[in-house]
Amino acid sequence: MSQWTRNYFPSKEAILFDRADELIEDIVTTVRDRPPGHGVVAAFRDWHDRAIGFLTTPDAGERTRTLLRMVADSPALRAHERELDNQYRQALTTVLRDVRRSPADPAPVLLAGHLSALDRSRVTAATRTGFALLAEHAHALGST
């Protein structure tokens, strides 16, 4: 690991997931500070949509495929991604416990687990969206 990597990133894998801390803070803020009448699931979905937005923009096809291929091909990146998923789930559990004001209640743990599983499917959704966008543009160019 280079001096630059040690100074700015905790690991080489963290370079690819450089927005992780920002996303964790954003999930907490989005759920905790949601408007009155806006449920925690709706707030989580707001966060989720923002979090995957960069993977599903019309110009993200190649970037998304490259990212997915890099992660799929690297056991270290897959492990790091799983660790980040755990951190998202833990942050979500903590904020849901705060919202419920009941540390012994199992509902926050269960809800955080389910919401995290839905978020985990974002890669599948982003891949489908990327392929759909590419197919649409290729069709418009007369390609198949």
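Hi everyone. Let me start with one small detail: Asp49 and Arg45 sit four residues apart in helix H4, so about one helical turn separates them. Their side chains meet in a salt bridge, with 3.9 Å from N to O. Asp49 is partly exposed, at 40% relative accessibility, while Arg45 counts as exposed, at 57%. Before I go on, please keep in mind that this is a predicted model.

Let me step back to the whole chain. How many helices and strands are there in the chain? The chain has eight helices and zero strands, and reading along the sequence gives the pattern α-α-α-α-α-α-α-α. Of the 144 residues in the chain, 32% are buried. The chain exposes about 9,100 Å², and carbon and sulfur atoms supply 58% of that area. As for how the chain meets itself, take the contacts between residues at least 6 apart in sequence: 60% of them join residues at least 24 apart.

Back to the charged side chains. Searching the whole structure turns up three salt bridges. As general background, side chains of opposite charge can pair when their charged atoms come close. You have met the pair in H4, Asp49 with Arg45. Another one is between Asp26 and Arg50, where the closest N and O atoms are 3.0 Å apart. Asp26 belongs to helix H3, residues 20-32, and Arg50 to helix H4, residues 40-56, so this pair ties together parts that are 24 residues apart in sequence. Asp26 is partly exposed, with a relative accessible area of 23%, and Arg50 is partly exposed as well, with 43%.

That leaves Asp33 and Arg32, whose side chains meet in a salt bridge at 3.0 Å, N to O. Asp33 is partly exposed, with a relative accessible area of 46%. Arg32 also counts as partly exposed, at 47% relative accessibility.

Now let's turn to the aromatic rings. How many aromatic pairs does the structure hold? It holds two. Phe44 and Trp47 form a tilted pair, 5.4 Å centre to centre, with 45° between the planes. Both of these residues lie in helix H4, three residues apart, which is about one turn of the helix. Phe44 counts as buried, at 5% relative accessibility. Trp47 is buried too, with a relative accessible area of 1%.

Trp47 also pairs with Tyr88, and that pair is edge-to-face: 5.8 Å centre to centre, with 65° between the planes. Which parts of the chain does the pair link? It links distant parts, with Trp47 in helix H4 and Tyr88 in helix H6, residues 75-100, 41 residues apart. Trp47 and Tyr88 are both buried. Taken together, ring pairs link Phe44, Trp47 and Tyr88 into a cluster.

Next, the surroundings of those rings. In soluble globular proteins, nonpolar side chains tend to be buried together. Here, the largest nonpolar core has 23 residues. Ile27, Val31, Phe44, Trp47, Tyr88, Leu92 and Leu96 are the residues with the most contacts inside this core. The elements that give two or more residues to the core are H3, H4, helix H5 (61-73), H6 and helix H7 (107-120). Which element gives the largest share of this core? That is H6, with seven residues.

I'd like to finish with the neighbours of Trp47. Not counting residues up to four places away in sequence, Trp47 touches Leu23, Asp26, Ile27, Thr30 and Asp119. Asp26 may sound familiar, since it forms the salt bridge with Arg50. Asp119, for its part, is found in helix H7. Is Asp119 buried or exposed? Asp119 counts as buried, because its relative accessibility is 3%, and the cut-off for buried is under 20%. Leaving aside neighbours within four places in sequence, Asp119 is in contact with Phe44, Trp47, His48 and Tyr88. Among those contacts are Phe44, Trp47 and Tyr88, the residues that ring pairs link into a cluster.

That's my tour. Thanks for listening, and I'm happy to go back over any part of it.

How values were computed: Residues are numbered from 1 along each chain as its sequence is written. This is a predicted model: local features need pLDDT of at least 70, side-chain atom pairs count only at pLDDT 80 or more; totals for chains, interfaces and linings use all residues. Side-chain values use heavy atoms; hydrogens and water are left out. A salt bridge is a side-chain nitrogen of Lys or Arg within 4 Å of a carboxyl oxygen of Asp or Glu. Buried means under 20% relative accessible area, exposed over 50%, partly exposed in between (1.4 Å probe, protein chains only). Rings of Phe, Tyr and Trp (its six-membered ring) pair if their centres lie within 6.5 Å; planes under 30 degrees apart count as stacked, over 60 as edge-to-face and the rest as tilted. Contact means heavy atoms within 4.5 Å. Accessible areas come from the Shrake-Rupley method with a 1.4 Å probe; for residues, only the protein chains shown count as cover. A nonpolar core is a set of buried Ala, Val, Leu, Ile, Met, Phe, Trp, Tyr and Cys residues joined through side-chain atoms within 4.5 Å.
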